[in-house]
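Visitor: Please take one part of this model and go through it closely. I would like the metal site and whatever sits beside it, then a few other places in the chain for context.

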Amino acid sequence: MTLPIKIAPSILSADFANFGAECHAIEAEGADWVHVDVMDGHFVPNLTFGPAMCSAIRPHIKGTMDVHLMIAPVDPYIDAFAAAGADIITAHLEAGPHIHRTLQAIRAKGKKAGLALNPGTGIEAVEYLADMVDLVCVMTVNPGFGGQSFIAAQVEKVRRLRAMLGARPVHIEIDGGVTVATAPLVAAAGADVLVAGSAVFKGGSATNPAPYGANIAAIRAAAEAAR
Ligand code: DX5
Ligand code: ZN
């Protein structure tokens, strides 16, 4: 299954005082999805946004709001993120004992369900969840912070995952350390959605958005050339 390459800038690297304008800027500059990293200071060692912030930026996003929940527990917050306007809600396999129930709950809200895997987690569990997910997010850094280095051992995981998913139209999303140098590795292995924070936002701002466009175009071109 070859799905078109999508670039999903992570607003973790945006100007936190200016999210509305930053969302307009990245979409105008070619972003396919807007990736929102929700962190709880417990599942990961950092704190970011909650559902109120997602509601606040939703009117500033024309396309897909891709919400990555790095929180535990997840289930008590699914309704709130759905009501906040998330299009995709991704939960971590490692966040609790009942990921199957979590994915069911996300789909029951009419949202696309994503399953995220930490770098140390294998793909075996996906075999039993493959028909309940719209997206599998392969973390290519340990979640919690932007600007970390890509973990190259995850490329083989992507290749095995794409083979396991077969003809299913499930997105494989890569999150962490995506650059023009690493995007080709994961695109060749079968990934189609590339989250990028620092590599998209570097050099630009909401009032000088052209670098965002150049960065997005460069990552996309590198990924497409590798397929
Ligand atoms: C990490 C987050 C990522 C992060 C990516 O926990 O899930 O989305 O923002 O940032 P970069 O692209 O800078 O590695
Ligand atoms: Zn993320």
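Guide: What follows starts at the zinc ion, goes on to ligand 1, and then takes up some residues elsewhere in the chain. The model is a predicted one.

The zinc ion (ligand 2) has four protein residues as donors: His35 through NE2, Asp37 through OD, His68 through ND1 and Asp175 through OD. These donors lie 2.0 to 2.3 Å from the ion. Along the chain, their spacing reads H-x1-D-x30-H-x106-D. Within this set, Asp37 and His68 link distant parts of the chain, being 31 residues apart. Asp37 belongs to strand E2 (residues 33-39), and His68 belongs to strand E3 (residues 64-70). Both Asp37 and His68 are buried.

The geometry at the zinc ion (ligand 2) can be stated from its angles. There are six donor atoms around the ion, and they subtend angles of 67 to 168°. The arrangement is octahedral because of these angles. The cut-offs behind that label are that opposite donors must be over 155 degrees apart and all others between 65 and 115.

Ligand 1 shares residues with the metal site. There are 20 residues around ligand 1, and the ones that come nearest are Asp37, Gly144, Asp175, Gly197 and Ser198. Two of these names, Asp37 and Asp175, are also zinc donors. A side-chain N or O atom of Asp37 is 2.7 Å from an oxygen atom of ligand 1. For Asp175, a polar side-chain atom lies 2.6 Å from an oxygen atom of ligand 1. His68, another zinc donor, has a side-chain N or O atom 3.3 Å from an oxygen atom of ligand 1. On its own, ligand 1 has 380 Å² of accessible area, and the protein covers 100% of it.

The loop that follows strand E3 is next. Pro73 lies in the loop between E3 and H3, and a cis peptide bond joins Pro73 to Ala72, with omega at about 0°. Asp75 is in the loop between E3 and helix H3 (78-83) as well. Asp75 counts as partly exposed because its relative accessibility is 33%. Leaving out residues up to four places away in sequence, Asp75 touches Arg101 and Thr102. With Thr102 there is a polar contact between side chains, at 2.5 Å. Asp75 and Leu47 are separated by 28 residues in sequence, and their C-alpha atoms are 18 Å apart.

Another loop, between strand E5 (112-117) and strand E6 (135-139), holds Thr121. Thr121 is buried, since its relative accessible area is 16%, and the cut-off for buried is under 20%. Beyond its neighbours within four places in sequence, Thr121 is in contact with Leu93, Glu94 and Lys157. The side chains of Thr121 and Glu94 are joined by a polar contact of 2.5 Å.

Lys157 leads on from there, and its place is in helix H5 (residues 154-165). With a relative accessible area of 11%, Lys157 is therefore buried. Its contacts, again without neighbours within four places in sequence, are Leu117, Asn118, Pro119, Thr121, Ile123 and Val138. A polar atom of the Lys157 side chain lies 3.5 Å from the backbone oxygen of Pro119. Ala14 is 143 residues from Lys157 in sequence, and the two are 29 Å apart in space, C-alpha to C-alpha.

Ala14 comes up again as a contact of Glu22. Glu22 is part of helix H1 (residues 19-28). Its relative accessibility is 3%, so Glu22 counts as buried. Setting aside residues up to four places away in sequence, Glu22 touches Ala14, Asp15, Phe201, Ser205, Ala206 and Tyr212. Two of these contacts can be described by atom type. The Glu22 side chain reaches the backbone nitrogen of Asp15 at 2.7 Å. The side chains of Glu22 and Tyr212 are joined by a polar contact of 2.7 Å. Pro184 is 162 residues from Glu22 along the chain, and the C-alpha atoms of the two are separated by 26 Å.

To return to the starting point, Asp37 is a donor of the zinc ion (ligand 2), is buried, and has a side-chain N or O atom 2.7 Å from an oxygen atom of ligand 1.

Technical notes: Residues are numbered from 1 along each chain as its sequence is written. Chains are lettered from A and ligands numbered from 1 in the order in which they are written. This is a predicted model: local features need pLDDT of at least 70, side-chain atom pairs count only at pLDDT 80 or more; totals for chains, interfaces and linings use all residues. Side-chain values use heavy atoms; hydrogens and water are left out. Donors are N, O and S atoms within 2.8 Å of the metal (3.2 Å for Na, K and Ca); water is not among the atoms, so sites may look incomplete. Four donors count as tetrahedral if all angles lie between 85 and 135 degrees; four count as square planar and six as octahedral if opposite donors are over 155 degrees apart and all others between 65 and 115; anything else is irregular. Helices (H or I, at least four residues) and strands (E, at least two) are DSSP runs, numbered from the N terminus. Buried means under 20% relative accessible area, exposed over 50%, partly exposed in between (1.4 Å probe, protein chains only). A polar contact is a pair of N or O atoms within 3.5 Å; within protein, one must be able to donate a hydrogen and the other to accept it, and residues adjacent in sequence count only if both atoms are side-chain atoms. Contact means heavy atoms within 4.5 Å. A residue is near a molecule or strand if one of its heavy atoms lies within 4 Å of it. Accessible areas come from the Shrake-Rupley method with a 1.4 Å probe; for residues, only the protein chains shown count as cover.
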